[in-house]
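Trainee: I've just opened this one and don't know where to start. Could you walk me through it?

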Amino acid sequence: LGPPGSIGRQTAQAAGRLGIPVLALAARRDVDRLEEQARKFRPKYISVMDSAAAKELRTRLSDTNIEIGEGEESLVAAATVEGADCVVTGISGSVGLRPTLAAIHQKRRIALANKETLVCAGDIVMRRARECGAEIVPVDSEHSAIFQCLMGCRERTEIKRLILTCSGGPFFGKKREELARITPADALAHPTWSMGNRITIDSATLMNKGFEVIEAVMLFGVTPEQVGVVVHRESIIHSMVEYTDNAVIAQMGAPDMRLCVQYALTYPERYDSPVAELDLVKLSRLTFAEPDGEAFPLLPLAYRAVKRGGVVPAVMNGADEAAVAMFLDGRISFTDISDIVSAVTENAPEVECPTLEDIEAADREARRMAAEMAAGRAGV
Ligand code: MG
């Protein structure tokens, strides 16, 4: 799901290189990319969200027998295509939730790259995965690292702490006053990883790290207090697990998502990869620092959100997605993102054991509130 995106393109490369058949593709509207991948992989089914784009793709692929569906329902059809055993959820946004749940019901392995799945509906998704016996293998570098560091961990009680590393984003060391003047172009120049626009901005505000804390809590069944974050500018240690005996296991490597993508597909097996070897002598040293929760308040906000639970993380995510889009459109400033997301999140309603419908409603309301707050900040 999401083949035109950065995870999707890397998945296609890995599948091509390792000879893994691709049975379905699903994207919003990138007809060129879909046609290219369709001709390469000859999938059974393609889902296109946008109906005009679906029509165009049908014309272009009329010489094939590939079935092309359209709209949100077709995403579910792609995620449950017959014969597949793994679904890579590389689409961003809450639209990834329903197809992920549908694939879980079919016991497919989820190579999880969609944040919203665990941030917004972590309780529901993890419970269903346990009930259905579906494996969830994270693709995000930090969670993939922790997943690997947990190999050989027999009891969850042996885990003392998960330590997520954080590049610090392009504005590490800056104070709030300096952050207020940052433009979308400044924020899109991320130091280490090459990613989509929303996640790049989320990395710059540290909202992304906040989401990763929530995902770690959900995925590995630990408390928020058991998840630490350390700034590690070199992005060589992708994350660590500290055990009860104070042994710390770290997963290291060149910062290259292709490794995480490939491992999620081939786990528990490992194969050659195009990722560069790690040259420790050339690196010579690795550095670590405390994240600045005052300049980057969305990280501590995420801890409060996951502790409150219910729909609060979904509200935070919805408000953030809306605020980031408004920042990229030049409608609000960089620091308005954290102001708006914080205000909307602190006002989130308490809903015990929310259903998917409750979560979706809270998400919509959060976006509406974020837009309303931005409109009140005229002249920025
Ligand atoms: Mg990450």
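Mentor: Sure. One term before we begin: donors are N, O and S atoms within 2.8 Å of the metal. Keep in mind, too, that this is a predicted model.

Trainee: Okay, which residues are the protein donors of the magnesium ion?

Mentor: Look for oxygens inside that cut-off. They lie 2.1 to 2.4 Å from the magnesium ion. Along the chain the donors follow the spacing D-x1-E-x69-E. The residues you want are D140 (OD), E142 (OE) and E212 (OE).

Trainee: Is E142 buried or exposed?

Mentor: E142 sits in helix 7. Buried means under 20% relative accessible area. E142 has 7% relative accessibility, so E142 counts as buried.

Trainee: And which residues does E142 touch, leaving out those up to four places away in sequence?

Mentor: One contact is a fellow donor: E212 is among the residues E142 touches, and E212 also binds the magnesium ion through OE. Leaving out residues up to four places away, the full set is L164, T165, K209, E212, H238 and S239.

Trainee: K209 shows up there. Where is K209 placed, and what is its relative accessibility?

Mentor: K209 belongs to helix 11, residues 207-220. Its contacts include E142, T165, C166, V229 and L299. K209 counts as buried because its relative accessibility is 5%.

Trainee: Let's go to the sheets. What is the strand order in the open sheet of four strands?

Mentor: Start from the edges: strand 8 (227-231) and strand 10 (248-252) each pair on one side only. The twist averages 20° from one strand to the next. Pairing in this sheet is mixed, and the order is 8-7-9-10.

Trainee: In what sense do strand 9 and strand 10 pair, and what is the bridge partner of E242?

Mentor: Strands of a sheet pair through backbone hydrogen bonds, either parallel or antiparallel. Strand 9 (residues 237-243) and strand 10 pair in the antiparallel sense over five bridges. In strand 10, E242 has as its bridge partner V248.

Trainee: Which strands does helix 7 touch when it packs on that sheet?

Mentor: This is the helix that holds E142. The direction of helix 7 makes about 40° with that of strand 9. The strands touched are strand 7 (159-166), strand 9 and strand 10.

Trainee: What about the open sheet of three strands: which are its edge strands?

Mentor: The order here is 1-2-3, with parallel pairing. An edge strand pairs on one side only, and that fits strand 1 (24-27) and strand 3 (67-70).

Trainee: By how many degrees are neighbouring strands of this sheet turned against each other on average?

Mentor: Take strand 2 (residues 45-48) and strand 3 as one pair, parallel over four bridges. Within that sheet, S47 has G69 in strand 3 as its bridge partner. Averaged over neighbouring strands, direction ignored, the turn is 15°.

Trainee: Which helix lies across strand 1 and strand 2?

Mentor: Two helices are worth sorting out. Helix 3 (residues 51-60) touches strand 2 and strand 3, with its direction at about 170° to that of strand 3. The one across strand 1 and strand 2, running at about 175° to strand 1, is helix 2 (residues 31-41).

Trainee: Now the inside. Which residues touch the most other members in the largest nonpolar core?

Mentor: That core has 106 residues, and its largest share, 10 residues, comes from helix 15 (residues 312-328). Apart from it lies another core, of 17 residues, among them L25, V31, F41 and A54. Back in the largest core, those touching the most other members are I136, M316, F334, I337 and V341.

Trainee: Last one: why is the pair of F147 and Y267 edge-to-face?

Mentor: Four aromatic pairs turn up in the whole structure. For F147 and Y267, the ring centres are 5.0 Å apart. Planes over 60 degrees apart count as edge-to-face, and this pair is edge-to-face because its planes are at 70°.

Trainee: Which residues form one aromatic cluster with Y267?

Mentor: Y267 also pairs with Y263, edge-to-face at 5.8 Å centre to centre. Both Y263 and Y267 are buried. The residues in one cluster with Y267 are F147 and Y263.

Notes: Residues are numbered from 1 along each chain as its sequence is written. This is a predicted model: local features need pLDDT of at least 70, side-chain atom pairs count only at pLDDT 80 or more; totals for chains, interfaces and linings use all residues. Side-chain values use heavy atoms; hydrogens and water are left out. Donors are N, O and S atoms within 2.8 Å of the metal (3.2 Å for Na, K and Ca); water is not among the atoms, so sites may look incomplete. Two strands pair if DSSP finds at least two bridges between them. Axes are lines fitted to C-alpha atoms, for helices over the stretch in contact, and angles run from 0 to 180 degrees between N-to-C directions. Contact means heavy atoms within 4.5 Å. Buried means under 20% relative accessible area, exposed over 50%, partly exposed in between (1.4 Å probe, protein chains only). A nonpolar core is a set of buried Ala, Val, Leu, Ile, Met, Phe, Trp, Tyr and Cys residues joined through side-chain atoms within 4.5 Å. Rings of Phe, Tyr and Trp (its six-membered ring) pair if their centres lie within 6.5 Å; planes under 30 degrees apart count as stacked, over 60 as edge-to-face and the rest as tilted.
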